[in-house]
Structures are given as structure tokens and as C-alpha cells.
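Open your viewer, switch to a cartoon view and get ready to select residues by number. We will walk from stop to stop together.

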Amino acid sequence: MTRSLGGLLFRGVHSLTSLPARSTQLGHLSACSAVKTMVTLPSFLSSKPRDFSLPNPSWGSEMLRLYEHYSSQCEVETEGGEKDRGLWTRLPSYNRSLKYVTGGFYLSKIIQAKARLFTRNIREEGAGFEYVVFVNKKEKRVVCIFQAGHLLEGPPGCVHGGAIATMIDTVTGTHASVVSGPVMTANLNMNYRSPIPLGNTVLIESSVDSREGRKMFISCKVTSSDGSKLHTDATALFLSVNFSHLVKGG
């Protein structure tokens, strides 16, 4: 049973920030199918994992407004009254992530079972990273609606710079992975222009500047929800990686 459970963990867990959205969703479906074959399961292997990118009671009015704004562009109505895919796509977000150690050996089953994606490891709604990512493949754009909770405080009443860097890395990394598949961050440069008050909703927008072989250069900016104030701007460099090399620890 232990060996079987370990196999399910290996096949079922997935990472949104390091894999394309399509692959992540397929991994999630595979996990659900495998879980349903077992009679009893611990809670962390629920067949219906929570999608953290959906609204919850902690979301403020501005967070909800922007969510509705972009969600409304995920589907468009055709002349025949049918629904068709729009320019934007919302990416689901879960709290599991497949982990490896150097040499390709999997972490112990206990550690692996408890591992959580860094930005989704706070259970209290609204206390940490509240965000949702939308992708526009046609225009090669990504936008993230982000609301920082009280546990992310740095300067009094404001968001910690490391939390802002985490979100920029998350958004730009997601963007790079959607475009080219698995990637790793090679460089991240940021300019902090204006503090972000805790609880405020901001927009994190990224665009692809150029590609050179395995290299992808992305620009990113963090602004107030109406775009009038620039909080942070950044540039990032990502390298495409072979997922099999990550599995082998190479």
C-alpha cells in the first residue's frame, strides 16, 4: 500500500509555475483518475483539490471587480448565441508541487506528502498570497490580480519586498512556461518604485521581449489596480529546460 501510495503521489502532484498550463491541467486530471480507484484516502489526496484562483470571502471589491473584468473576456458569444473561447484564459492554481532532490531521488513520502507550493501554503484566506493569473496567448501577455495579506508585511503596513519578488517570479515564470514549456529562472532584476499597502489590490503584467534559443527575456510591472501608480518594474531571464533532466537531477 505504501509503495502504491508513493506511485500516486509521483503521478498526481503537479506544478503550475514550472510547467505549461495545459500540462498542469492534464496532470491534475490524471491524479483525479488515479485517486478514484482507492477506497479510502488521506485528505491531501482529495480527488477534488481546491482551485486557489477562484474568489473567496477575503477578496476585496477591487479584486472581485478585476476578476470579473478578465473572466468576462474568457468567453465570447457568437452571432448564433453560442459561447466561444475569448482572448483571455484563467489559469487554475493548486497547492501541490512535485519535488526532487539532487541526484534524482524522490523526497521521503512524508516530506513529499506535506510539501506545498510556496505561494499557496497559507490556509487562512486573505492572510497571504491571494492572486489569479490570466493568459492572453494571442497578444503574448499575462496579467495577475494580486491582493497581499497581513502575513506578508515588510515595512510597517506595507508588503515585504521579498513577497513582491515572489509574485513577479511566479507571474513571469508562468508566462515563460506557457510560451515555451518547462523553464527555470536565470536572472531577475527589480526596481522598487513605491510601497504596496497591505490589503491593496495590484496588477502584475508581463510581456515577452525576445527569445534567443533557450533564453526568454520578459518584462514585468506592478501597478495600482487602475494603472495610475507604478509600484515595481522588473526584467527576467528564463532558460528552457528538459523536464527529464530535472527528474534525473541533471
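Which residue takes a positive phi in the hairpin of β7 and β8? Select G213: its phi is near 65°, and the hairpin has two residues between the strands. Before we move on, please note that this is a predicted model, in which local features need pLDDT of at least 70, side-chain atom pairs count only at pLDDT 80 or more, and totals for chains, interfaces and linings use all residues. Residues are numbered from 1 along each chain as its sequence is written, and side-chain values use heavy atoms, with hydrogens and water left out.

**Stop 1: the paired strands**

A word on terms: helices (H or I, at least four residues) and strands (E, at least two) are DSSP runs, numbered from the N terminus. Two strands pair if DSSP finds at least two bridges between them.

Now colour β7, residues 201–212, and β8, residues 215–224. These two strands run antiparallel and are joined by ten bridges. To see how they line up, select V202 and look across to S224, its bridge partner in β8. Then try V208, whose bridge partner in β8 is I218.

Next, add β5, residues 141–148. Seven bridges join β5 to β7, again in the antiparallel sense. Here you can pick Q147 and find T201, its bridge partner in β7.

Finally, add β9, residues 230–240, which pairs with β8 over nine bridges, also antiparallel. Select C220 and you will find that its bridge partner in β9 is A234. Between β8 and β9 the hairpin has five residues between the strands, and G227 there takes a positive phi near 80°.

**Stop 2: a positive phi outside glycine**

Move to K140, in the loop between β4 and β5. What is notable about its phi? The value is near 55°, which is positive in a residue other than glycine. Most residues other than glycine have a negative phi. Show the surface here too: K140 is exposed, with a relative accessible area of 51%. (Buried means under 20% relative accessible area, exposed over 50%, and partly exposed in between, using a 1.4 Å probe and protein chains only.)

**Stop 3: salt bridges**

Side chains of opposite charge can pair when their charged atoms come close. A salt bridge is a side-chain nitrogen of Lys or Arg within 4 Å of a carboxyl oxygen of Asp or Glu. How many salt bridges does the structure hold? There are six.

Show the side chains of E125 and R50, which meet in a salt bridge at 3.5 Å, N to O. This pair links distant parts of the chain, 75 residues apart: E125 lies in the loop between α4 (109–114) and β4 (129–136), and R50 in the loop between α2 (21–35) and α3 (61–71). E125 is partly exposed at 37% relative accessible area, and R50 is partly exposed at 34%.

Then select R90 and D51, whose side chains meet in a salt bridge at 3.0 Å, N to O. R90 is in strand β3 (residues 89–91) and D51 is in the loop between α2 and α3, 39 residues apart. Is D51 buried or exposed? D51 counts as buried, at 13% relative accessibility, while R90 counts as partly exposed, at 23%.

For a pair inside a helix, go to E62 and R65, with their closest N and O atoms 2.8 Å apart. They are three residues apart in helix α3, so about one helical turn separates them. Then select E139, R141 and E205, which are joined into one network by salt bridges that share partners.

**Stop 4: the largest cavity**

A cavity is a set of points, on a 1 Å grid over the protein atoms alone, where a 1.4 Å probe fits but cannot get out; lining residues have an atom within 4 Å of a point. Grid points are joined across faces, edges and corners, and a volume is the space filled by probe spheres set on the points.

By this rule there are two cavities of 30 Å³ or more, and the largest has a volume of about 110 Å³. To find the largest cavity, select its lining residues, including R50, F52, R120, E125 and F129.

Definitions and conventions: On a 1 Å grid over the protein atoms alone, a cavity is a set of points where a 1.4 Å probe fits but cannot get out, and a pocket is an open set with protein on both sides within 12 Å along at least five of seven lines; lining residues have an atom within 4 Å of a point.
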